[in-house]
Amino acid sequence: PGGPDPQAPSTVTTWGPGAFDVLTTGSNDYWNNADGFNFLWAPKTNSFDVKVRVVSVSPINNWSAGAIEVREGPPTDNGKGWELSRHYFSKVDYGGPGRVTVLDNSGTGANSYEFNGRLAPGDPTVRETGNGAPGGSVGWGGTGPGNLNPVPFPNAWIRIARVKNGTSDHLLGYSSSDGVNWDLRQDVDLNDETHAGFLDLNGNPAGKWPDVCYVGLGSTSHTGIANNNANNDGTVGEFWYSPTGQPYSAYIIYRDYGDVVTATAPPPVGPTLNFQVATDGIITLTYTGILYFSDTVNGKYTAVPSVASPLKIDPKKATKSATFYIAGP
C-alpha cells in the first residue's frame, strides 16, 4: 500500500569482486507478509554455500540491516509479487561498539545476528502492515542456538548453505568473526512438516523448495511502511521520514561476498631422487621414500638395504658395469 517499497531506487556501488556498497531508501524490511528491501541476487541450483562480511550498517533505524537471503522465485519487479515469496535469511542489525542513537530515535541498534524466514507466501491483502500467519515472518524453526549478539563490526560475517542430496534438503545458517571459523546457528530440514508441510493461505502444504532459488545480499533501511513509527505510537502503515521530509536512506557496506570454498589438503608429494657428482667422481644420491636399485633399467628393482639418505657411491669401486636407482614408496 502507498506505492513501491523501497520508496526510491537503490544505488549499488561495486568496488571489485564481492565488494558492494548499497544505499537503500525508504525500504521497509524483510518481515511481515511482504518485503521491501534492495536485493542483489543470482540464481543457484540445488546445493550452494555463500558468505559475506558486513563492514557497517548506517545508524538510521534500530533494525537497519544487511543480510544474505535465499528466496523462492520467479523474480519480478518491485511490487509485482516477488516480495510475498518464501525466504530465509541471515542478517546483522545496526550496532556495535560506540554505537549512537539512530537518526529516527528508535534506539541504539538491535546489534544482533538474526535468522528468520517466511514459511508460506505472504498475504497480498496484508502485505507490510501485518505479520499474521501463515504468511508472516518467523524464525527459521530449525535446530541450533539461533540469534546472538553483539555483532563484531567490521568483521560481521554471515553465511547460508543449502545441502541438497537425493531426498535430503537442509538449509544451514552460520555466523563468524573472522570468515574462517564458523558457528552453526541454524539447521533446517526443508522437507519436514514444519517447512514443506507448513500450510499456506489456502490450507495447502507450502511444498518442497524448488531446485532453483535466488541467493544474494538483502539491504534494508527499515524505514518504510511498518506496524509502528519512529515515535513508537503504534500507528499502523505510517512511513518514517527524516526531518527534511524525505525518506531515510541507509548505507550497508559488504565485502568478501562469494561462494565458500572448502580448503583441501595439497596432494602428497611423491618420492624424489636427486644426485650430485663431486670433482673426485663420488656420486651423492639424495632421496625421499625408499631407494631401490637394479642392474638394468627395466629390470626388477630391489630396496637398497640399511641405507639412509644421502647415499654416497664411488664408481671406481663398482663391481658391476652399471647400477640403476629409483626412489619409491
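## Close-up views of an all-strand chain, helices absent

**View A. Strand β16 (residues 290-294) is joined to β19 by 5 bridges, with the two running antiparallel.** What you're looking at here, as in every view below, is a predicted model. To find your way into this pair, start at Ile 290, which sits opposite Gly 328 of β19. Zoom out a little and an open sheet of 3 strands appears, ordered β17-β16-β19 and paired in the antiparallel sense. The edge positions go to β17 (302-303) and β19 (324-328); each has a single partner strand, so one side of each has no neighbour in the sheet. If you are following side chains along a strand, a general point helps: in a regular strand they alternate between the two faces of the sheet.

**View B. The whole chain, for orientation, is built from 19 strands and 0 helices.** Its radius of gyration is 30 Å, while the globule rule gives 20 Å for 329 residues; the value is well over the rule, so the chain is more spread out than a compact globule. The C-alpha trace tells you how far it reaches: about 105 × 45 × 35 Å along the principal axes. How much of the chain is buried? Buried residues account for 44% of the 329. Among contacts with a separation of 6 or more, 68% are between residues 24 or more positions apart. As for the outside, the accessible surface comes to about 15,900 Å², and carbon and sulfur atoms supply 56% of that. There are 21 positive and 30 negative charges, and the mean positions of the two sets lie 14 Å apart.

**View C. Strand β13 (residues 249-259) pairs with β2 (residues 19-25) through 6 antiparallel bridges.** Pick out Val 22 and look across: its bridge partner in β13 is Ile 252. Strand β13 is also joined to β4 (residues 48-57), again by 6 bridges and again running antiparallel. On that pairing, Arg 53 stands opposite Arg 255 of β13. So which residues mark the two pairings for you? Val 22 with Ile 252 marks the one with β2, and Arg 53 with Arg 255 marks the one with β4.

**View D. Strands β14 (residues 273-277) and β15 (residues 283-287) pair in the antiparallel sense over 5 bridges.** Val 277 faces Ile 283 across this pair. The two strands make a hairpin with 5 residues between them. In that hairpin, keep an eye on Gly 281, whose phi is positive, near 90 degrees.

**View E. Two cis peptide bonds, each leading into a proline, are shown here: Ala 133 to Pro 134 and Phe 153 to Pro 154.** For Ala 133 and Pro 134, omega is about 0 degrees. Pro 134 has its place in the loop between β7 (113-118) and β8 (137-139). For Phe 153 and Pro 154, omega is about 5 degrees. Where does Pro 154 lie? Look in the loop between β8 and β9 (156-165).

**View F. Asn 32 and Asn 105 have positive phi although neither is a glycine.** Asn 32 has a phi of about 65 degrees and is found in the loop between β2 and β3 (38-45). Is Asn 32 buried or exposed? Its relative accessibility is 3%, so Asn 32 counts as buried, the cut-off being under 20%. Asn 105 has a phi of about 60 degrees and lies in the loop between β6 (87-93) and β7. With 57% relative accessibility, Asn 105 counts as exposed, for which the cut-off is over 50%.

**View G. Glu 114 sits in strand β7 and counts as buried.** Its relative accessibility is 11%. Which residues is Glu 114 in contact with, leaving aside its neighbours within four places in sequence? They are Trp 63, Phe 89, Ser 90, Lys 91, Asp 93 and Asn 147. To get a feel for distance, jump from here to Thr 286: the C-alpha atoms of Glu 114 and Thr 286 are 58 Å apart, with 172 residues' separation along the chain.

Methods: Residues are numbered from 1 along each chain as its sequence is written. This is a predicted model: local features need pLDDT of at least 70, side-chain atom pairs count only at pLDDT 80 or more; totals for chains, interfaces and linings use all residues. Side-chain values use heavy atoms; hydrogens and water are left out. Two strands pair if DSSP finds at least two bridges between them. Helices (H or I, at least four residues) and strands (E, at least two) are DSSP runs, numbered from the N terminus. The radius of gyration is taken over C-alpha atoms; the globule rule is 2.2 Å times the number of residues to the power 0.38. Buried means under 20% relative accessible area, exposed over 50%, partly exposed in between (1.4 Å probe, protein chains only). Contact means heavy atoms within 4.5 Å. Accessible areas come from the Shrake-Rupley method with a 1.4 Å probe; for residues, only the protein chains shown count as cover. Lys and Arg count as positive and Asp and Glu as negative; His and the chain ends are not counted. The place of a charge is taken as NZ of Lys, CZ of Arg, CG of Asp or CD of Glu.
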